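This report introduces a protein chain to a reader who has not met it before. It begins with a local detail and then widens to the chain as a whole.

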Amino acid sequence: MDASAHELAVEELYVEHRVALQRFLIRMLRCEEAAAEVMQEAYLKLLRLAPRYGIRDPRAYLFQVAANAACDRLSREKRQDGLVDGGTTVENVICPKPNAEATAMGRQRLQILADAVDDLPPRCREVFLMSRLDGLGNSEIAQRLGISRNMVEKHIIKAMLRCRQRLKAVEE
């Protein structure tokens with residue numbers, strides 16, 4: 001991608017997600033002025049960083065660059081203040097917000113798991129959901145459904161294996 005095409009793509013991405021990005025940064029930094037400055041910094045970084053390969057999720061990439069810039073700003077501010085509560089140095093403080101890439105990946109994994117659970121046989125799905133969503137114990141599930149505890153365990157194992165296989169297939 002040549003420089004002018006890259007600049008145009010960055011500008012379109014920035015304009016399309018400006019409002020959401022601004023809200024994200026205001027929540028993160030708790031200051032509109034700081035959020036505006038970090039947005040400009042992120043925009044400039046995106047212009048300088050011409051990726052050598054295609055970006056799978058440009059929105060996630062934009063939010064990741066902005067989140068990194070916000071974390072850098074927070075670190076600089078903490079360093080200027082000296083120490084964080086209780087003498088902990090800034091280098092030991094982790095940015096409290098998950099980055100956009102991790103959020104996008106988490107949503108993708110959740111969808112894969114939801115699809116895997118939907119594809120389970122009805123009884124297996126029912127047992128698995130009672131266990132994982134309702135938080136019921138194996139004995140209580142067995143009693144409610146009129147099946148053995150051993151059968152409940154088999155259904156849960158089957159469901160867990162199916163979920164693990166689906167995730168592994170996507171990762172490969």
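## Charged pairs between helices

Aspartate 72 is partly exposed, with a relative accessible area of 36%, a value that comes, like every other value in this report, from a predicted model. Salt bridges that share partners bring this residue into one network, whose members are Glu41, Lys45, Asp72 and Arg76.

Within that network, aspartate 72 forms a salt bridge with lysine 45, and the closest N and O atoms of the two are 3.7 Å apart. This pair links distant parts of the chain, since aspartate 72 belongs to helix α3 and lysine 45 to helix α2, with their positions 27 residues apart. Lysine 45 also meets the side chain of glutamate 41 in a salt bridge, for which the N to O distance is 3.7 Å. Here the two partners both lie in helix α2, four residues apart, which is about one turn of the helix.

How exposed or buried are the two partners in helix α2? Lysine 45 counts as buried because its relative accessibility is 18%, and the limit for that class is under 20%. Glutamate 41, with a relative accessible area of 24%, is partly exposed.

A further salt bridge connects glutamate 37 with arginine 73, where the closest N and O atoms are 2.7 Å apart. This pair, too, links distant parts of the chain: glutamate 37 sits in helix α2, which covers residues 32–48, while arginine 73 sits in helix α3, and the two are 36 residues apart. Helix α3 itself covers residues 58–80. Glutamate 37 is partly exposed at a relative accessible area of 35%, whereas arginine 73 counts as buried because its relative accessibility is 18%, the cut-off being 20%. When residues up to four places away in sequence are not counted, arginine 73 touches Ala34, Glu37 and Val38, so that its salt-bridge partner, glutamate 37, appears among these contacts as well.

The three salt bridges described above are set out in the table below, and the count for the model comes to nine salt bridges.

| Salt bridge | N to O distance |
|---|---|
| Glutamate 37 and arginine 73 | 2.7 Å |
| Lysine 45 and glutamate 41 | 3.7 Å |
| Aspartate 72 and lysine 45 | 3.7 Å |

## A negative patch on the surface

Which residues form a negative surface patch? The patch is formed by Glu7, Glu11, Glu12 and Glu16. One of these, glutamate 16, is found in helix α1, which covers residues 3–29. Glutamate 16 is classed as exposed because its relative accessible area is 61%, and the exposed class takes values over 50%.

## The chain as a whole

How many helices and strands does the chain contain? There are seven helices and zero strands, and, read along the sequence, the chain follows the pattern α-α-α-α-α-α-α.

Of the 172 residues in the chain, 29% are buried, arginine 73 being one of the residues that count as buried. Among the contacts in the chain with a separation of 6 or more, residues 24 or more positions apart account for 63%. As for the surface, the chain exposes about 11,800 Å², and carbon and sulfur atoms supply 51% of that area.

Note on methods:
Residues are numbered from 1 along each chain as its sequence is written. This is a predicted model: local features need pLDDT of at least 70, side-chain atom pairs count only at pLDDT 80 or more; totals for chains, interfaces and linings use all residues. Side-chain values use heavy atoms; hydrogens and water are left out. Buried means under 20% relative accessible area, exposed over 50%, partly exposed in between (1.4 Å probe, protein chains only). Contact means heavy atoms within 4.5 Å. Patches are made of residues with over 30% relative accessible area and no salt bridge: like charges are joined within 9 Å, nonpolar side chains (Val, Leu, Ile, Met, Phe, Trp, Tyr) within 5 Å. Accessible areas come from the Shrake-Rupley method with a 1.4 Å probe; for residues, only the protein chains shown count as cover. A salt bridge is a side-chain nitrogen of Lys or Arg within 4 Å of a carboxyl oxygen of Asp or Glu. Lys and Arg count as positive and Asp and Glu as negative; His and the chain ends are not counted. The place of a charge is taken as NZ of Lys, CZ of Arg, CG of Asp or CD of Glu.
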